[in-house]
Amino acid sequence: MLYSIRNSFVLILIFLFAVSSVAQSDWQRWEKSEINYLKTSITSERDFSYSNSNLTYLFSKTLINTYWLLISDLDGDNCPFHPSCSSFLIQSIQETNLLQGTLMFFDRFTRDSNPVNREQHYPVYKNYRYYDPPALYTLNRERVHYIPPYTVVE
């Protein structure tokens with residue numbers, strides 16, 4: 001009986017020591033942490049300015065700005081690709097011409113509408129979107145480079 005009381009006392013002392021070693025003391029206080037619940041939006045990355053005086057660029061940029069203001073901002077940030085489809089259109093028109101840029105956009109748009117096995121075809125951008133810039137589809141061989149799927153692009 002004396003042996004079991006002594007073992008119980010030792011176990012209680014070990015338990016109290018373990019609890020008091022991780023307990024919060026007066027000199028160590030919990031501090032308030034600033035948590036930011038705001039999600040970064042792709043609308044902050046949009047460029048609404050006109051940087052070129054080319055007539056086709058002005059026409060397409062006006063259409064894209066109208067789309068951004070009237071449809072995309074109200075619909076939300078739903079494009080699974082980086083850059084978004086509208087930014088892809090602007091970049092492809094800047095890199096090629098109006099006809100080729102529009103064809104590149106429709107090719108991308110048809111690939112965007114197929115949600116099956118996307119992760120097997122595209123690398124991933126840092127914000128968990130599929131990386132698919134227009135530079136990968138231009139006809140200039142020096143600019144096209146292959147990025148394997150499942151790689152993270154910064």
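Here is a short friendly exchange about how a few residues in this predicted model get their labels.

The model is predicted, with local features needing pLDDT of at least 70, side-chain atom pairs counting only at pLDDT 80 or more, and totals for chains, interfaces and linings using all residues. Residues are numbered from 1 along each chain as its sequence is written, and side-chain values use heavy atoms, with hydrogens and water left out.

Me: Why is R108 called buried?
Reply: Buried means under 20% relative accessible area, exposed means over 50%, and partly exposed lies in between (1.4 Å probe, protein chains only). R108 has a relative accessible area of 0%, so the label is buried.

Me: What does R108 touch, not counting residues up to four places away in sequence?
Reply: With contact taken as heavy atoms within 4.5 Å, R108 touches C79, F81, H82, P83, S84, C85, F88 and D132. The R108 side chain also reaches the backbone oxygen of P83 at 2.4 Å.

Me: Why does L98 count as partly exposed?
Reply: Its relative accessibility is 31%, which falls between the two cut-offs, so L98 is partly exposed.

Me: Which residues does L98 touch, leaving out those up to four places away in sequence?
Reply: Those are T56 and I93. As for F59, it sits 39 residues from L98 in sequence and 9.9 Å away in space, C-alpha to C-alpha.

Me: And what makes L69 exposed?
Reply: L69 has a relative accessible area of 52%, and exposed means over 50%, so the word fits.

Definitions and conventions. Polar contact = N/O pair within 3.5 Å; in protein donor to acceptor, adjacent residues only side chain to side chain.
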